[in-house]
Each structure stands twice: as C-alpha cells, then as structure tokens.
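Biologist: I'd like a close look at one part of this protein, please. Pick a helix, walk me round it, and then tell me how it sits in the rest of the chain.

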Amino acid sequence: MRFKYSFLFLFLPDITMIGYISNPSFGTKIYNLGHNLVFSILLIFIYLFTQTALLLPIAIVWSAHIFMDRTLGYGLKYRDEFKHTPIQNL
C-alpha cells in the first residue's frame, strides 16, 4: 500500500511548465531545464559515488519521464510557443 500512488511521480517534472505563466521565453528555459537528461544522469553518477539510496529511483523516474515525453513527440521547446519542438521538425 505504501507505493500505491508512486506512479504520480512520473509526472512530477511537468511542474516546470509553470514557467509559462510568466512568458514563453522564461517558460522555455525552465521547462528545458527540467526535461534535460543531463541532470538525471548527473544524479545517477552522484548515486554511484555516494550510495545515497534515494537518488537512484529519482533519477530513473526522471529519465523515464523525459523518454516518455520524447516518445510521445514532446521534447525540449523552442522559445516561440509551447507546442513548437525540434521533434516536430523531423
């Protein structure tokens, strides 16, 4: 029962969309920071060196969210609007 709603953490990185309330340029920067693989991979390396048990699940869920977004056609954003991504230009 303890992990009954843990799947909701898969959507936690989408909190970075709140930056779009201010303006699209600022929203893009915040969204792209939260949806960049650099930070989740960095957490994995920190876990490997420190063995802090909580870091690995956070990094895995964060990476899964990013890959899920990219699989569905969402990705890092351009500054003009939220729906404009490099994936759509392929």
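Modeller: Here is a walk round helix 3, followed by two asparagines and the whole chain. A word on the ground rules: this is a predicted model, where local features need pLDDT of at least 70, side-chain atom pairs count only at pLDDT 80 or more, and totals for chains, interfaces and linings use all residues. Residues are numbered from 1 along each chain as its sequence is written, and side-chain values use heavy atoms, with hydrogens and water left out.

Helix 3 covers residues 55–71. Helices here are DSSP runs of H or I with at least four residues, strands are runs of E with at least two, and both are numbered from the N terminus. At 1.5 Å a residue, the 17 residues of helix 3 should span 24 Å, and its end C-alpha atoms are 24 Å apart, which agrees; the expected span is 1.5 Å times one less than the number of residues.

Which residues of helix 3 are buried? They are Leu55, Ala59, Ser63, His65, Ile66 and Asp69. Buried means under 20% relative accessible area, exposed over 50%, and partly exposed in between, using a 1.4 Å probe and protein chains only. Seen down the axis of helix 3, the buried residues fall within an arc of 155°, so they line one face of the helix; that arc is taken from the directions from the helix axis to the C-beta atoms. Their cover includes helix 1 and helix 2 (37–50). After helix 3 comes Gly73, with a positive phi near 95°.

Now for helix 1 (24–34). Asn32 lies in helix 1 and is buried, at 18% relative accessible area. Leaving aside neighbours within four places in sequence, Asn32 is in contact (heavy atoms within 4.5 Å) with Leu76 and Lys77. Asn23 sits in the segment before helix 1 and, at 34% relative accessibility, counts as partly exposed. The side chain of Asn23 reaches the backbone nitrogen of Ser25 at 3.1 Å. The C-alpha atoms of Asn23 and Arg79 are 9.6 Å apart, though 56 residues separate the two along the chain.

Stepping back, the protein has 3 helices and 0 strands. Of its 90 residues, 26% count as buried.

How far can you trust it? pLDDT is the predictor's confidence in each residue, from 0 to 100. The protein's mean is 83, and 84% of its residues reach 70 or more. Among the elements, helix 1 has the lowest mean pLDDT (86) and helix 2 the highest (94). Where pLDDT is low, the predicted coordinates should not be read in detail.

Methods: Polar contact = N/O pair within 3.5 Å; in protein donor to acceptor, adjacent residues only side chain to side chain.
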